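Colleague: I'm new to this one. Could you walk me through it, one question at a time?

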Amino acid sequence: MSTPNWLYANPKPCSHLSDYKLRHGLSGYTKLNTCLRASPSGRLSVRIEQEEVMRCGFGLESSGCGERRRLLMCLVCGSLMCSNHSVLHVQAQSGHGVTVDVERSELYCSLCCDQVYDPEFDRVLMCKHVGVKPRNGARNGGVETGKMRFCKRRRLGLDLGLSRSEKQLGFVKDLRAKSCFPFGLRGLNNLGNTCFMNSVLQALLHAPPLRNYFLGDRHNREKCRKISLEKLCLPCDVDAIFTAVYSGDRTPYSPAQFLYSWWQHSSNLATYEQQDAHEFFISMLDLIHEKETKESCDLSKDSGECTCVAHGAFSGLLRSDVTCATCGFTSTTYDPCVDISLDLDTVRRTSTNKSAKSNEGGSTSTLSGCLDLFTKPEKLGSDQKLYCQSCDGMRESLKQMSIRRLPAVLCLHIKRFEHSHIRKMSRKVDRHVQFPFSLDMSPYLSSSIVRNRFGNRIYAFEGDEAEVSTEYDVFAVVNHSGMLESGHYVTYLRLRSQWYKCDDAWVTEVDERVVRASQCYLVYYVQRAFHHAASEDLGCLPMSPHRDTFQPIAGCC
């Protein structure tokens, strides 16, 4: 059994938060419980009944500055202020540095200018979700049983007392009175603007090829430590997350060791500022590939392609055909990829015959339209002339993309962030994208694209993969809400035909209509054969004697 590294069990506590708890205990937490309100999606926020419109009240005048975005509430005096004035507030009132983000219900230290983490604060939020009332001044976070609808758990004989309810019921919002969530579904604590990391990790934790690889002990941490001279190993930290998530424990897990290791390998991204989930996904796969190929020669003898777990699951091959507009000569190149980035397709026309572009929040695109746009021939302008081998000169040309080889796990990236070189500014595109739960990728294969281009005159296509599966099923959707400079990532997981929303530490069951209405940013599909295999009992997976024994909870799927 691997020895856990307790040094990175939780982030280093904030000294200002420690001073606050020494002075006031948990009184501020328990008072905050009465102001917490849950949205239909399960997200908690702070609402003050006497305040119809909450705004910053800090300033020389009685009305305050009036700012409404990113409001913070002081846990000592209850004052509402914007993030800019929170520093002035703590300078005027010593010891008032610990606040709560009103919109996201997360602790924020005005002196550190950063989000802070406290398990006892999460315990209060957990009690709000399960309908349990915190005890006043309880240092151990004890709870009293309240109005809970967990009849099936009572019939199973489970104790709904203090620690049991917190560990196994704290993050379950069960709309159908089921005993628990599927095995392997566990929240991840936000370590300070790390929702981008948590959202991608949730998707990768349930990608069947990666799950089978790490749970099958294909990357042994003990063996890796002995043969590797490096102190930090990202695949080892990923393996530790898989072990923790599939251990049967339901309390949120803090991937602090993984975050620290990722920072060490990606020093340019080592900051508590919000990062892009797509960039993190690419960076993570690159680091796993680099480590795996360094220790073993993961190259196929036949094709010379990399067979590491990252590329084995996500790697595909794109084909680019550039046709000279003068002589018709076609030059073909192939490029590997681990995802496909899609531009939004043409905006639909509204019933008033006006373009919906003026109101992108209400316009709609389709995933099939985005894929059609990706494989549509593109005429390169006069400023993009390419060298033609046949003409022996620079010529205007026509470019067309297609998919030469499909991956086992297909990641589709929706380009929601665009930059204007004229206005010299970036913005987010909030257009809704309709995506199917089942996707057939055969129209976008190179064989189909080339046949459509030349008609039935081509009877055989080089490398035609007639036996390759082109049917995919969605299993994860990473959603981005908010603006470009201040947004939030959540993940929707499809497990056993039921959707679950993973919002950092909070896991809730949602209807598929919520998923279809979300602003998808990354959509993960898996080949149908893998998807069916993933629906089988995880207890059948081979487990290594070096790995922690799984302790499934009674009644779990």
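Modeller: Happy to, and keep in mind that this is a predicted model. Let's start at one spot in a sheet: Thr323 stands opposite Leu398 in β17.

Colleague: Which strand pairs with β17 (residues 397–405) over eight bridges?

Modeller: Thr323 is your clue, as it faces Leu398 of β17. The pairing runs in the antiparallel sense, and the partner covers residues 316–324. That strand is β10.

Colleague: And what is the strand order in that open sheet of four strands?

Modeller: The pairing in this sheet is antiparallel. β11 (330–337) and β14 (378–379) stand at the edges, each with a single partner strand, so one side of each has no neighbour in the sheet. Read across, the order is β11-β10-β17-β14.

Colleague: Which helix lies across β10, β11 and β17?

Modeller: Look for the helix at residues 446–454. Its direction runs at about 140° to β17. You're looking at helix α15.

Colleague: There's an open sheet of five strands too. Which strands stand at its edges?

Modeller: This sheet has antiparallel pairing and the order β4-β3-β5-β6-β7. Each edge strand has a single partner, so one side of it is left without a neighbour in the sheet. The edge strands are β4 (80–82) and β7 (114–115).

Colleague: What angle does helix α3 make with β4?

Modeller: Helix α3 (residues 83–92) packs on this sheet, where it touches β3 and β4. Comparing its direction with that of β4 gives about 120°.

Colleague: How many bridges join β3 to β5?

Modeller: Strand β3 (residues 71–74) and strand β5 (residues 98–101) run antiparallel. One position to look at is Cys74, which stands opposite Thr99 in β5. The number of bridges is three.

Colleague: Let's move to β27. How many of its eight residues are buried?

Modeller: Strand β27 spans residues 520–527. Its burial is such that the strand is largely enclosed by the rest of the structure, because the buried count is eight of the eight.

Colleague: Which residue of β27 is the bridge partner of Val409?

Modeller: Strand β18 (residues 409–414) is joined to β27 by five bridges, and the two run antiparallel. β27 also pairs with strand β23 (residues 471–482), in the antiparallel sense, over seven bridges. From β23, Asp473 has Val526 as its bridge partner. For Val409, the partner in β27 is Val526.

Colleague: Which helix gives the largest share of the largest nonpolar core?

Modeller: That core has 60 residues, and Leu210, Phe258, Phe314 and Tyr524 touch the most other members. The largest share, eight residues, comes from residues 195–205, which is helix α7.

Colleague: How many residues are in the second, separate core?

Modeller: First, a look at Tyr524: leaving aside neighbours within four places in sequence, its contacts include Val200, Phe281, Phe314 and Val409. The second core is separate and includes Leu318, Phe435, Val515 and Tyr525. Its size is 34 residues.

Colleague: How are α8 and α10 oriented, roughly parallel or roughly perpendicular?

Modeller: The axes of helix α8 (residues 208–215) and helix α10 (residues 234–245) come within 10 Å and cross at roughly 95°. That makes their arrangement roughly perpendicular.

Colleague: How many nonpolar residues does the contact of α8 with α10 have?

Modeller: Leu210, Arg211, Phe214 and Leu215 in α8 meet Pro235, Val238, Asp239 and Phe242 in α10. By class, there are two charged residues and no polar ones, and the nonpolar count is six.

Colleague: Is Phe214 buried or exposed?

Modeller: Phe214 lies in helix α8. Phe214 and Pro235 are 21 residues apart in sequence and 9.0 Å apart in space, C-alpha to C-alpha. The relative accessible area of Phe214 is 0%, so this residue is buried.

Colleague: Last one: is Asp392 buried or exposed?

Modeller: Asp392 is found in the loop between β15 (386–388) and β16 (393–395), and has a positive phi of about 55° although it is not a glycine. Asp217 also has a positive phi, of about 60°, and at 17% relative accessibility Asp217 counts as buried. For Asp392, the relative accessibility is 56% and the cut-off is over 50%, so Asp392 counts as exposed.

Note on methods. Residues are numbered from 1 along each chain as its sequence is written. This is a predicted model: local features need pLDDT of at least 70, side-chain atom pairs count only at pLDDT 80 or more; totals for chains, interfaces and linings use all residues. Side-chain values use heavy atoms; hydrogens and water are left out. Axes are lines fitted to C-alpha atoms, for helices over the stretch in contact, and angles run from 0 to 180 degrees between N-to-C directions. Angles under 35 degrees count as roughly parallel, over 145 as roughly antiparallel, 65 to 115 as roughly perpendicular and the rest as oblique. Contact means heavy atoms within 4.5 Å. Ala, Val, Leu, Ile, Met, Phe, Trp, Tyr, Cys and Pro count as nonpolar, Asp, Glu, Lys and Arg as charged, and the others, Gly among them, as polar. Two strands pair if DSSP finds at least two bridges between them. Buried means under 20% relative accessible area, exposed over 50%, partly exposed in between (1.4 Å probe, protein chains only). A nonpolar core is a set of buried Ala, Val, Leu, Ile, Met, Phe, Trp, Tyr and Cys residues joined through side-chain atoms within 4.5 Å.
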